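Here is a short report for a reader new to this structure. It starts with one spot in the chain and then widens the view.

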Amino acid sequence: MGWEMKAYLDKHQLFPPQIQKAPPPELGIIVVIPCHDEPNVIGTLESLWRCERPTYPCEVLIVVNASERHHDEVVRRNERTLHDVNEWIGYHPDRSLSFHVLYYPRLPAKHAGVGLARKLGMDEAVSRFCQTTNKDGVIVGFDADCDCTEDFLRQIERHFDVHPDSPGCAIHFEHPLSGDEDSRLYEGIAHYELYLRYYLLGLRYARFPHAFHTVGSSMAVRASAYTQQGGMNRRQGGEDFYFLNKIIALGKFTELRGATVLPSARASNRVPFGTGRAMTDWLAGKNSYQTVFSPTWFHELRVLFERVPNWFHEVGTPKSLMIGLPVGISTYLVQQGFESKIREVRANVSRTDTFVSRFFRWFDAFRLFKFLRWSDSMYDNGVPLVDAVLTLLRWQQVQGSAHGETVFSLLQHMRGIDREGRFSPRSVAYSKLSV
């Protein structure tokens, strides 16, 4: 494992290791925090400092970064952040939880952004683990505007001890729904988070085997899985979606529901999509998540996915396999080259489980999302968020929800469902599609 990680670094690490101090030999967890023009990063560090210490030492890497094209004001604020963080670190020595700053003030404009910042920090983490006795430590994705519960680090350590074969996990998150900000912001974040949980419930109703939240501030991966899948990408938005879906595709991905990440509900224009952009759009009266993809499209996906395991043995042409599928998904499959892909997959596998696995490498989370967008544009203009959630809950035979629910009350209900893991892909209901 050690040589594979070093081979990854030789090929993919963009800068030499930045931290001169050797890591503790038994280092277990490294938390990576991208930090670009962040006014409240000290609050995030304080939240991690308050965490109960796990058995093995942890490190936190703060990646202060900017593009070569950013204005001087951004550079000056980053320099101030660098000073404040280093000063804070000086007052918080602890071998069991140490903090380090990586400073990249002028990254290439073509690639500068959150994806590159995460990559720089996560690659540094791999380099740190290569110097220890624990070559397969855990790298945690976090953000510079997040808090966490005090059991955060201990729960991560325990989770990977309990799940030794898991390459990574999604960590439970909950945005603040009240506070000192504009009340419209909390209304907006409630809509946005309810949409995220509705989307996940839709995937799980459809029996999509790779159905997990993909949030960069609420994820953890083993160093071996990180390097095996080629590390973090350099996307300036959506980097977490693309990265985590590569890790999820390895199989045995898990959810950590015992601790909670508390992301900020602030508005931001620094990324093309995600929470910050969603809140900016909400405050501007645009893209408010008051309407969402129709539950109908998740049902069409379910009809498709439930048939996939049988296709390996069914006699007939690829075209005949689609007989009886709903018209929307059937039309989309033809557009996506379904017939040639199925011929290719059937010709190169010898078992049903391998066939299913190969199918979902093709019909992955990105292709699925494109189907929902295509269906939405072709056949309808979306469904009110509350109505869509209630429909899926009814289809999943979930008790305790009724018409007249508010976005806030439904969100609390959906948070409870996610905390309980009631529709996790590891449940019995998913056994037929296990990959």
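This is a predicted model. Start at T227, which sits in helix α7, spanning residues 223–228. T227 has a relative accessibility of 12%, so it counts as buried, the cut-off being under 20%.

What does T227 contact, apart from neighbours within four places in sequence? The partners are M5, Y8 and V126. Now take I30 as a reference point. T227 and I30 lie 197 residues apart in sequence. In space, their C-alpha atoms are 15 Å apart.

**Helix α8**

Helix α7 also helps to cover another helix. It is among the elements over the buried residues of α8. The cover of α8 also includes α4 (114–130), β6 (168–173), β7 (219–222) and α15 (365–379).

Helix α8 runs over residues 239–248. Seven of its 10 residues are buried, so α8 is largely enclosed by the rest of the structure. Which residues of α8 are buried? They are E239, D240, F243, L244, N245, I247 and I248.

**E193**

E193 belongs to helix α6, residues 183–205. Its relative accessibility is 0%, so E193 counts as buried. The E193 side chain makes a polar contact with the side chain of R415, at 2.7 Å. R415 also appears among the contacts of E193 beyond four places in sequence. The others in that list are F173, E174, H175 and L411.

The two residues described above can be set side by side.

| Residue | Helix | Relative accessibility |
|---|---|---|
| T227 | α7 (residues 223–228) | 12% |
| E193 | α6 (residues 183–205) | 0% |

**The whole chain**

Now step back. The chain has 17 helices and 10 strands. Its radius of gyration is 22 Å, close to the 22 Å that the globule rule gives for 435 residues, so the chain is as compact as a globular protein of that length. Along the principal axes, the C-alpha atoms fill a box of roughly 65 × 50 × 40 Å.

How much of the chain is buried? Of the 435 residues, 57% count as buried. The chain exposes about 19000 Å². Carbon and sulfur atoms supply 49% of that area.

Contacts can also be sorted by sequence separation. Among those between residues at least 6 apart, 81% join residues at least 24 apart.

Charges come last. The chain carries 50 positive and 49 negative charges. The mean positions of the two sets are 7 Å apart.

How values were computed: Residues are numbered from 1 along each chain as its sequence is written. This is a predicted model: local features need pLDDT of at least 70, side-chain atom pairs count only at pLDDT 80 or more; totals for chains, interfaces and linings use all residues. Side-chain values use heavy atoms; hydrogens and water are left out. Helices (H or I, at least four residues) and strands (E, at least two) are DSSP runs, numbered from the N terminus. The radius of gyration is taken over C-alpha atoms; the globule rule is 2.2 Å times the number of residues to the power 0.38. Buried means under 20% relative accessible area, exposed over 50%, partly exposed in between (1.4 Å probe, protein chains only). Contact means heavy atoms within 4.5 Å. Accessible areas come from the Shrake-Rupley method with a 1.4 Å probe; for residues, only the protein chains shown count as cover. Lys and Arg count as positive and Asp and Glu as negative; His and the chain ends are not counted. The place of a charge is taken as NZ of Lys, CZ of Arg, CG of Asp or CD of Glu. A polar contact is a pair of N or O atoms within 3.5 Å; within protein, one must be able to donate a hydrogen and the other to accept it, and residues adjacent in sequence count only if both atoms are side-chain atoms.
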